[in-house]
Amino acid sequence: MDAAQQEATARARELQRSWYGEPLGALFRRLIDDLGLNQARLAAVLGLSAPMLSQLMSGQRAKIGNPAVVQRVQALQELAVQVADGSVSAAEATDRMDEVKKSQGGSVLTSSGQTTTGSGAPTVRRVVREIQSLLRSVAAAGDIIDAADSLAPAHPELAEFLRVYGAGRTADAVAHYESHQN
């Protein structure tokens with residue numbers, strides 16, 4: 001990728017951050033992880049072609065042009081939260097994804113309920129997901145576990161942190177975060 005392409009990609013990701021709250025690559029990877037999907041299945045549920053999803057994830061394309069797709073992204077974000085907190089089972093999630101795939105309409109992503117409290121401060125879940133996203137952007141879960149195993153004898157607390165945030169469930173990471181705030 002040449003400098004002009006890198007600059008265009010960076011610009012697209014910044015636009016995504018302003019429009020959707022974060023770059024779509026991070027948002028879509030989190031949905032893939034949280035809902036146990038692959039890119040092809042996510043594209044199908046959203047009503048996008050696989051190449052279009054890839055372009056949005058990589059920053060080659062900045063905007064989701066179809067409002068119905070934006071609404072489906074929002075619905076999947078809400079579903080991922082329900083799966084993470086255990087209020088929706090994997091089987092129910094699969095059924096709900098089929099319903100999301102058929103849904104129409106919508107206008108914009110509204111992430112205020114998930115992202116911040118009434119005071120504008122980030123929610124614990126949002127902070128945890130940012131930590132998870134950062135760790136998972138640097139290494140795969142298996143590599144994080146290997147690193148944790150290497151650290152465990154001398155630094156058990158760091159090893160636990162890596163396991164919980166780098167390869168664990170969001171609900172477990174939220175519990176860990178909350179237990180270490182006091």
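**View 1. The largest pocket sits between the two domains.** In this predicted model, residues from domain 1 (1–103) and from domain 2 (124–180) both end up in the lining of the largest pocket, so it lies between them. Its volume comes to about 370 Å³.

**View 2. Zooming in on the centre of the largest pocket.** There are 19 lining residues here, and the closest to the pocket's centre are Gly-25, Ala-26, Arg-29, Ser-133 and Ser-137.

**View 3. Helices and residue classes around the largest pocket.** Three helices each chip in at least two residues of this lining: H1 (3–20), H2 (24–35) and H8 (124–138). Sorted by class, the lining of the largest pocket breaks down into ten charged, five nonpolar and four polar residues.

**View 4. The second largest pocket, also lined from both domains.** This one holds about 170 Å³ of space. Domain 1 (1–103) and domain 2 (124–180) each put at least three residues into the lining of the second largest pocket.

**View 5. A closer look at the walls of the second largest pocket.** Going along the chain, the lining is made up of Asp-33, Asp-34, Val-83, Ala-84, Arg-136, Ala-141, Gly-166, Ala-167, Gly-168, Arg-169 and Thr-170. Helix H2 turns up again, and H2, helix H5 (67–84) and helix H10 (156–167) each bring at least two residues to this lining. As for class, the second largest pocket is lined by four charged, four nonpolar and three polar residues.

Methods:
Residues are numbered from 1 along each chain as its sequence is written. This is a predicted model: local features need pLDDT of at least 70, side-chain atom pairs count only at pLDDT 80 or more; totals for chains, interfaces and linings use all residues. Side-chain values use heavy atoms; hydrogens and water are left out. On a 1 Å grid over the protein atoms alone, a cavity is a set of points where a 1.4 Å probe fits but cannot get out, and a pocket is an open set with protein on both sides within 12 Å along at least five of seven lines; lining residues have an atom within 4 Å of a point. Grid points are joined across faces, edges and corners, and a volume is the space filled by probe spheres set on the points. Helices (H or I, at least four residues) and strands (E, at least two) are DSSP runs, numbered from the N terminus. Ala, Val, Leu, Ile, Met, Phe, Trp, Tyr, Cys and Pro count as nonpolar, Asp, Glu, Lys and Arg as charged, and the others, Gly among them, as polar. Domain bounds come from an automatic or database domain assignment.
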